[in-house]
Amino acid sequence: MTTVLWHGGWRSMMGFSVLPALGEVLFPRLCEACGSRLNAGDVALCAVCQSRLPFRACIDTGFDEDVECERLPRRVMAVFTYVHGGMLHKLVAKVKHGGRRDLARSLGRLAAVEAGRAGAFDGVDVIVPVPLDPAKLRRRGYNQAFEMAMGVSQHTGIPVADVLARAGGGDSQKSKRAGERERNVKGAFAIVDASSCAGRHVLIVDDVMTTGATLAECAALLSGCAASVSVLAVARTAVV
Ligand SMILES: [Zn+2]
């Protein structure tokens, strides 16, 4: 009897049914926002924190007046609201300054679930992340917009292509006002892989949209080769 039990236990360990569960016991996954234990299937956040994520989901350009609506494509979606000091601010800080590449992907997946319900991926052929400034890329080791795009891709099955690159110039947009931001990104990007977007419906993905100047510049550039362009920002700063 003992032999049979041992044999069964050993087999189930080899059959991967015990090891992941053991891993959960030894290294439980914790909610990135509140630190409570995650259930199987939870992505980065527990059910309570997920339900508290400030959902925004706009899918048109009827934005607030500080967004350069006329320069953005017709289909724009910003999924969550980014409030200074709020939950999303803390999560994005972990991504940008805490080396949490995995969390960037998780946020992309969470955004994709909500955006998908609103039809943000209908007809989309390829996902194009907004490229990161090379100096920041070296410092951080990854582009958070690319990682979020990969998270969107994991949920939707739509491929990601690095079609855009920084063309030089363009300081950080942080601490710049709307007009300055628009001038600052003029000519800041270049298409480096036209074949991946030619004739296709391109979805540009970025982490946090503020005035929309960066996304508008990328969209204007891509509309020269893509059949159509739409935009998905994981979050949009709250208008104060
Ligand atoms: Zn939580």
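## Around L222, β2 and α4

Leaving aside residues up to four places away in sequence, L222 touches V128, C197, V202, I204 and V229. This is a predicted model, so read every contact here as a feature of the prediction. L222 also has a part in a bigger picture: along with I204 and L215, L222 touches the most other members of the largest nonpolar core, a set of 59 residues. Quite a few elements chip in two or more residues each, namely β2, α4, α5, β3, α7, β6, α9 and β7. As a general backdrop, nonpolar side chains in soluble globular proteins tend to be buried together.

Zooming out for a moment, the chain has 9 helices and 7 strands. Of its 240 residues, 35% are buried. If you look at contacts with a separation of 6 or more, 73% of them link residues 24 or more positions apart.

Some of the elements that come up here, with their residue ranges:

| Element | Residues |
|---|---|
| β2 | 76-82 |
| β7 | 228-237 |
| α4 | 87-97 |
| α9 | 213-222 |

Now for β2. This strand is mostly covered, with 6 of its 7 residues buried. β2 runs parallel to β7, and 6 bridges join the two. One bridge pairs A78 with A233 in β7.

Y82 sits in β2 as well. Why does Y82 count as buried? Because Y82 has 23 C-beta neighbours inside 10 Å, and 20 are enough for that label. Y82 and R236 make a nice long-range pair: 154 residues separate them in sequence, yet their C-alpha atoms are 5.4 Å apart. Skipping residues up to four places away in sequence, Y82 touches L88, H89, V208, A235, R236, T237 and A238.

L88 takes us over to α4, where L88, L91, V92 and V95 are buried. These four are on the same side of α4, because they cover an arc of only 95° around the axis. What do the buried residues of α4 pack against? Their partners are β2, α5, α7, β6 and β7. The face turned away from that buried side carries K90, A93 and H97, which are exposed. After α4 comes G99, with a positive phi near 70°.

Definitions and conventions:
Residues are numbered from 1 along each chain as its sequence is written. This is a predicted model: local features need pLDDT of at least 70, side-chain atom pairs count only at pLDDT 80 or more; totals for chains, interfaces and linings use all residues. A residue is buried if 20 or more other C-beta atoms lie within 10 Å of its own, exposed if 12 or fewer, and partly exposed in between; C-beta atoms are placed from the backbone. Two residues are in contact if their C-beta atoms, placed from the backbone, lie within 7 Å. Two strands pair if DSSP finds at least two bridges between them. A nonpolar core is a set of buried Ala, Val, Leu, Ile, Met, Phe, Trp, Tyr and Cys residues joined through C-beta atoms within 7 Å. The arc is that of the directions from the helix axis to the C-beta atoms.
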